[in-house]
Amino acid sequence: MRASKPRTAAVAAVVFAALVGVLLSGCQWRGLNSITMPGTEGNGPGSFDVQAQLPNVNNLQPNSRVRVDDVNVGTVTKIERQGWHALVTIRLNGDVSLPENATAKLGQTSLLGSQHVELAPPAGVPPTGRLRQGSLIPLQNAGAYPTTEQTLAAVSLLFNGGGVGQLHDIVETLSTALRGREKDLRSLIEQLDRFVGYVDGQTGDIIDATTSLDRLAGTFANQRPVVDRALQTIPDALSVLKDEREHLAEALDQLGKFSAVAADSVNQTKVNLVAELKDLAPVVRSLANAGPALTRSLGMLAAFPFPIDTLQNWLRGDYGNLSVTIDLTLSRLDQSFFTGTRFEGDLTKLELQWGRTIGQMPSPYTYGNPLIAPYHLDQGP
């Protein structure tokens, strides 16, 4: 009986401690998970608390493990509701080093294992800062791995209602449809491959066309008031065209009749027209050959009797020197006034009868120049 007294005292002490814990926790008592269990992580020196917003906690309980790379580094100390999501308080060991923008996901240790919180550095973005006392992992950095129930439900849907039983029918139908058409299918695949290659080679042009289309759309957007006015005006214009439909049809009919008359006239006169054009060709050719002389004469006509080309040779400032040679020979008068008349050549013949010889006087029938071979008294009266 003496040996049983110490054992009875130890049991009494444990019961007393449990009663004290119940009294201290009051209404917050929810089983053994309501108190910190011995042997859990996050209770050593330097440990700190952080919070994480999770969309769903499922069967997560206080004292659940917190892991980094499958290593226990902390413990869940508190779970509470915050709006439409859960706010989980986590106590981590002092040597845990994670960036401030770390992620938190609800995971499961094994197929039938317990749930835990998995912390990890962010994926796809550079890490910033460091988790410390009071840090909060926001909801956009939280998530959850598929649970066992979700996995089994997906597998059940796949095998029961997901159409796996129809795979045989699908394969058999495709085999029947393509039987004997292997070459056509191979040709189709090759053509699709070339088409995709061509499209890939035109990527730059497609992008440029899209950019141009975007600029065009922007131009239309900038001209939206003008487009609105145009859309408001077009119905009135169409109404006017509708009212003038009969007149427009009559005008087109008359235009068709005029075209028929014009075509008939051209067909009837084309022979004469061709002949007249052939006769006009020598005249046009002569006019073209006389083009340089004609342009020079026009330049002289504007400043007659002083050619404009040589006007600066004698007009210097406010004075000008002028030397005039007047040719009053009969041949020159004949050339100037009677050329093309019935009296053409009469004065020249008279002058020749008076003793003027060819080559010694100016004459339209010689190459003499009155400025070089002027009239002399011994050449006749």
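Begin by selecting N63, which counts as buried because its relative accessibility is 18%, and the limit for a buried residue is under 20%. Keep in mind from the start that what is on the screen is a predicted model. N63 sits in the loop between β1 and β2, and although N63 is not a glycine, its phi is positive, at about 75 degrees.

Stay in that loop and select N58, which also has its place between β1 and β2. Here too phi is positive in a residue other than glycine, with a value near 50 degrees. Is N58 buried, exposed or partly exposed? With a relative accessibility of 37%, N58 counts as partly exposed.

**From the loop to strand β6**

Next select Q115, a residue of strand β6. The relative accessible area of Q115 is 12%, so this residue is buried. Now show what surrounds Q115, leaving aside its neighbours within four places in sequence: the residues in contact with it include V57, N58, N59, L60 and S64. If you continue around Q115, you will also find L106, G107, Q108 and T147 among its contacts. You can draw a line from the C-alpha of Q115 to the C-alpha of V57, and that line spans 9.0 Å, while 58 residues separate the two in sequence.

A second pair of this kind begins at D70, in the loop between β2 and β3. D70 has a relative accessibility of 56% and therefore counts as exposed. From the C-alpha of D70 to the C-alpha of T109 the distance is 8.8 Å, although the two residues are 39 places apart in sequence.

Such pairs can be set beside a value for the chain as a whole: among contacts with a separation of 6 or more, 59% join residues that are 24 or more positions apart.

**The largest nonpolar core**

Now select V66, I90, L92, V117 and L119, which are the residues with the most contacts inside the largest nonpolar core, a set of 23 residues. Which strands each supply at least two residues of this core? They are β1 (48-54), β2 (65-68), β3 (71-82), β4 (85-92), β5 (103-108) and β6 (115-120), and it is helpful to colour these stretches before going on. In soluble globular proteins, nonpolar side chains tend to be buried together.

Centre the view on I90 and again leave aside the neighbours within four places in sequence. The residues in contact with I90 are then F48, D49, V50, A52, V66, T75, T77 and V117.

**Two pairs of helices**

Widen the view to the protein chain, where there are eleven helices and ten strands. Of its 381 residues, 17% count as buried.

Select helix α5 (residues 203-222) together with helix α6 (residues 224-243), whose axes lie 4 Å apart and form an angle of about 70 degrees. An angle from 65 to 115 degrees counts as roughly perpendicular, and α5 and α6 are therefore described in this way. To see where they touch, show F220, A221 and N222 of α5, which meet R224, P225 and V227 of α6. By class, this contact is made up of four nonpolar residues, one polar residue and one charged residue.

Then select helix α10 (residues 330-337) with helix α11 (residues 346-353), which pack at about 175 degrees with 7 Å between their axes. How are α10 and α11 placed relative to each other? They are roughly antiparallel, because their angle is over 145 degrees. On the side of α10 the contact is made by L330, S331, L333 and D334, and on the side of α11 by D346, L347, T348, L350 and E351. These residues divide into four nonpolar, two polar and three charged. The buried residues of α10 are L330, S331, R332 and D334, and the buried residues of this helix pack against α11.

**Last stop: two aromatic rings**

The tour ends at the one aromatic pair of the structure. Select F338 and F343, whose rings are 6.2 Å apart from centre to centre, with 75 degrees between their planes, an arrangement called edge-to-face. F338 is partly exposed, with a relative accessible area of 29%, and F343 also counts as partly exposed, at 39% relative accessibility.

Terms used: Residues numbered from 1 in each chain as written. Predicted model: local features only at pLDDT ≥ 70, side-chain atom pairs only at ≥ 80, totals over all residues. Heavy atoms only, no water. Phe/Tyr/Trp six-rings, centres within 6.5 Å; stacked < 30°, edge-to-face > 60°. Buried < 20%, exposed > 50% of the residue type's maximum accessible area, 1.4 Å probe, protein only. Axes fitted to C-alpha atoms, helices over the stretch in contact; angles between N-to-C directions. Parallel < 35°, antiparallel > 145°, perpendicular 65-115°, else oblique. Contact = heavy atoms within 4.5 Å. Nonpolar A, V, L, I, M, F, W, Y, C, P; charged D, E, K, R; others polar. Core = buried A, V, L, I, M, F, W, Y, C linked by side-chain atoms within 4.5 Å.
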